[in-house]
Structure formats: C-alpha cells, structure tokens
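Me: I would like to go through the side-chain contacts in this structure and ask what justifies each label.

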Amino acid sequence: VQLVESGGGLVQPGGSLRLSCAASGYTFSTYFSSYGMRWYRQAPGKERELVAAISSAGGGTNYADSVKGRFTISRDNAKHIVYLQMNNLSPEDTAVYYCNALRGAFSSFGQGTQVTVSS
C-alpha cells in the first residue's frame, strides 16, 4: 500500500496550489472508497496538525479553523486520488503536507510534499 503526494511547490502569498494524493497497491485500489482520507501538515519546529478530512463516502468534510474557507478537500474514488485545493495561501501555510488513509486501526501516511509560501 502506498500514498504518493504531489503538487507542492513555491507560491506567492495569495496564490493557489492543488495537492494530489494517489493511492496504489491492491488493498488501496480495491477498497479506496472505504478509507477516510486526511491531509496533515507539519511546519518546521511544530507538531503535525490535521488540516482537512473527508469521509470514505466523500459526503462529510472537516477543516482546521485556520484553513476554513480557503482549503477544499475532495476525492475521486474511481481514480484513487484525494485532493487538497488551497487558495489565498499565506506564509503561515508553509509546511510539509502529508496525506493519510484511515480505516479502523489502520493508518498510513505518504512521504509528504513541501509547500512554501513566500514572496
């Protein structure tokens, strides 16, 4: 089972990025729609924090207060991909962003993708 994040990079304040997390492997491919998916981030010197979550069916989403109204999490169960659309980015959003899959006691993280917001 593998989660691979992409889409990070350097962006100016006020800009946008869309992160993608692709799931691969037999278990993920077969049962992807049964996993709750989350995006976390970790800034230098800080603890990892939950940014956004989406239910297995995709009908329920939750966001950290710091990103509400700016970030949108979505998923494409047919393609086994979860997205994080990030708008109106600020330097405080600079961090490594990690994708997480959760089902019961099982939890798996990807390697992360760096997002840097700077002028």
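**Contacts and their labels**

Me: What makes Arg-70 and Asp-93 a salt bridge?

Reply: This is a predicted model. In it, the closest N and O atoms of Arg-70 and Asp-93 are 2.8 Å apart, and a salt bridge requires a Lys or Arg side-chain nitrogen within 4 Å of a carboxyl oxygen of Asp or Glu, so the pair qualifies. The two residues are 23 apart in sequence: Arg-70 is in the loop between β6 (61-63) and β7 (71-76), and Asp-93 in the loop between β8 (81-86) and β9 (95-103). Both Arg-70 and Asp-93 are buried. Through shared partners, salt bridges join Arg-41, Glu-49, Arg-70 and Asp-93 into one network.

Me: Why is the contact between Glu-49 and Arg-41 called a salt bridge?

Reply: The N to O distance between the side chains of Glu-49 and Arg-41 is 2.7 Å. The limit is 4 Å, so the label applies.

Me: Is Arg-41 buried or exposed, and what decides that?

Reply: Arg-41 has 6% relative accessibility. Buried means under 20%, so Arg-41 counts as buried. Its partner Glu-49 has 32%, which falls between 20% and 50%, so Glu-49 is partly exposed.

Me: What makes Asp-65 exposed?

Reply: The relative accessible area of Asp-65 is 68%, and the cut-off is over 50%, so Asp-65 is exposed. Asp-65 forms a salt bridge with Lys-68, with the closest N and O atoms 3.2 Å apart. The structure has four salt bridges by this rule.

Me: How many aromatic pairs are there, and why is the one between Phe-28 and Tyr-35 called edge-to-face?

Reply: There are four aromatic pairs. The ring centres of Phe-28 and Tyr-35 are 4.8 Å apart and the planes stand at 65°. Centres within 6.5 Å make a pair, and planes over 60 degrees apart make it edge-to-face, so both conditions are met. Phe-28 is buried at 0% relative accessibility, and Tyr-35 is buried at 2%.

Me: What links Tyr-35 to Phe-106?

Reply: Their rings form an edge-to-face pair, 5.8 Å centre to centre with 70° between the planes. Tyr-35 is in the loop between α1 (26-31) and β4 (36-42) and Phe-106 is in strand β10 (residues 106-109), so the pair ties together parts 71 residues apart in sequence. Ring pairs link Phe-28, Tyr-35 and Phe-106 into a cluster.

Me: What lies over the face of Tyr-35?

Reply: Arg-103 does, at 4.8 Å from the ring centre.

Conventions:
Residues numbered from 1 in each chain as written. Predicted model: local features only at pLDDT ≥ 70, side-chain atom pairs only at ≥ 80, totals over all residues. Heavy atoms only, no water. Phe/Tyr/Trp six-rings, centres within 6.5 Å; stacked < 30°, edge-to-face > 60°. Buried < 20%, exposed > 50% of the residue type's maximum accessible area, 1.4 Å probe, protein only. Helix = DSSP H or I, 4+ residues; strand = E, 2+ residues; numbered from the N terminus. Lys NZ or Arg CZ within 6 Å of the ring centre and 35° of its normal.
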